[in-house]
Amino acid sequence: MTDLNTFGIADARDALRKGDVTSLELTEACLGAIETSGALNAFVHNTPEIARTQAAAADARIKAGDAPDMCGIPLGIKDLFCTKGVPGQAASRILEGFKPEYESTITQQLWDAGSVMLGKLNMDEFAMGSSNETSVYGDAVNPWKVDDRKLTPGGSSGGSAAAVAADLCMAATGTDTGGSIRQPAAFAGITGLKPTYGRCSRWGVVAFASSLDQAGPMTKSVRDAAIMLGAMAGHDAKDSTSAELAVPDFEAALTGDIRGKKIGIPKEYRMEGMPQEIEQLWADGTAMLKDAGAEIVDITLPHTKYALPAYYVVAPAEASSNLARYDGVRFGHRAKIGQGDGITEMYEKTRAEGFGPEVQRRVMIGTYVLSAGFYDAYYNRARKVRSLIKKDFEDVFAQGVDAILTPATPSAAFGLGEMAEADPVQMYLNDVFTVTVNLAGLPGIAVPVGLDKQGLPLGLQLIGRPWEEGDLLNTAYALEQAAGFVAKPAKWW
Ligand SMILES: NC(=O)C[C@H](N)C(=O)O
């Protein structure tokens, strides 16, 4: 029998229902895999007792014939989600020792559906980064490797991507503010879906940039993403931006039939200096969708080139406001203060010690662009650009385009340490294909489509109409079927 931890959600669900396996067996297989995965530094806090208790309860539910799709499925949870009584620190020193007193709506929904929590997953500090190198826990490592070069699993949901790709869990939660689900998914050869803004509740998910943050599933297949989104989505009165919409059966949308669908190829995403293999992958993906019966159309999204600068104004602005709450008074780290120090010194020292350099950079940028003298020049301008980017997409969808195909990342996974030391803008360039989706609030999915010359996974991104994740997932499913990506990293850890 195959190792049980290699199962995805759909396989596990079907096997559980048939009585071929128990949730306890699946859970033990994952816990065993996690135990020997230290070199990946993906799980940063394990919860085996909770997992076993939840698995036993799931088995009883399955036996009783009352099992939702996600029942008995062992999951990893990004450290950004509050999980009651279980340490969570958004990979930041400033939240050292923090044990949330409440559960995020999304994780609560997953537990209500019978899923099993294996533990918390590594990430960039406060989700700021594209390589998982800003984490207080240290780098997460990509299970894919070339020679002895250790690679980043991407970020900020780097631990989630590494854990799913290495079969430490059946799926994981991620969050995506500017690409944090899709970029690591592409780097690790898995599927990552950022839903429409408002599809999933943000309540209990540590806030980075509230108008952009959206949680989503990171899975081993498109079908798994459809199933897991069904359990994560839904209206929540505790999040005023969550949409009052019914949650459709996303899995039922996976017919694989995309005949007559219009797929847009935006010319502005053909960036200067784009590596030949990314260009080739994009062309291959286009051909696959065409062969499956879709109509390919050239489109223009004229404001694309302003997206990255607009994102790196809006996101830090919101972050500087959200992170003001970490002041050493209510929770987490508090610096030791000297004689004669007052409350201001306590704040200053706490924040200087508690936040890493990237978070400090964002707080400073955010404070600057919101300051009285610069607000119009930067923040207001970025907001206007954001509206234009949204309108670009609206125009294209109004012309009948159903989905847009682009590369997910400008390169394959890069080496740990290779980019972190460079100019931070180099790191920000990783988000060039993904931030537009967040600025426009649209759903986007990364699907593994091929390998580069070195044998590393490469992904493509599909962008859909708002609230039409089912349709988007179906197009992604057709692409997945055509690409037939089955490669797995060789186990070295
Ligand atoms: N949070 C994200 O979506 C990642 C993005 N690279 C950022 O650093 O803002």
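Me: Which residue takes a positive phi just after α7?

Reply: It is G234, with a positive phi of about 135°. Helices and strands are DSSP runs numbered from the N terminus, a helix being H or I over at least four residues and a strand E over at least two. Residues are numbered from 1 along each chain as its sequence is written. The model is a predicted one, in which local features need pLDDT of at least 70 and side-chain atom pairs count only at pLDDT 80 or more, whereas totals for chains, interfaces and linings use all residues.

Me: How many residues of α7 are buried?

Reply: A residue is buried if 20 or more other C-beta atoms, placed from the backbone, lie within 10 Å of its own C-beta atom, exposed if 12 or fewer do, and partly exposed in between. In α7 (residues 222–232), 11 of its 11 residues are buried, and the helix is described as mostly covered. Among them are the charged-looking names you may notice in the sequence, R223 and D224, together with V222 and M232.

Me: Is D239, in the loop between α7 and β7, buried or partly exposed?

Reply: D239 counts as partly exposed, because it has 17 C-beta neighbours inside 10 Å. Contact requires that the C-beta atoms of two residues, placed from the backbone, lie within 7 Å. Leaving aside neighbours within four places in sequence, D239 is in contact with S201, R202 and W203. F485 lies 246 residues from D239 in sequence, and 37 Å separates their C-alpha atoms.

Me: What length does helix α8 reach from its first C-alpha to its last?

Reply: The expected span of a helix is 1.5 Å times one less than its number of residues. Helix α8 (residues 276–291) has 16 residues and reaches 22 Å, close to the 22 Å expected. After α8 comes G293, with a positive phi near 105°.

Me: Which residues of α8 are buried, and why do they lie on the same side?

Reply: The buried residues are I278, L281, W282, G285, M288 and L289. They lie on the same side of α8 because they cover an arc of only 120° around the axis, the arc being that of the directions from the helix axis to the C-beta atoms. The face turned away from this buried side carries the exposed residues Q276, A283, A287 and D291. Covering the buried residues are elements including β7 (262–266), β8 (295–299) and α15 (469–483). Strand β11 also belongs to that cover.

Me: Why is P457, in strand β11, called buried?

Reply: P457 is buried because 24 other C-beta atoms lie within 10 Å. Its contacts, not counting residues up to four places away in sequence, are W144, A188, G189, P448, L451 and A487. The C-alpha atoms of P457 and W144 are 8.2 Å apart, although 313 residues separate the two along the chain.

Me: Which domains does the assignment give, and how many residues are in contact between them?

Reply: Domain bounds come from an automatic or database domain assignment. Here it gives domain 1 (4–260 + 402–483) and domain 2 (305–381). Their C-alpha centres lie 27 Å apart. In all, 28 residues of domain 1 are in contact with 23 residues of domain 2. On the domain 1 side, α13 (424–428) and α14 (435–440) each supply at least two residues. The most comes from α14, with three residues.
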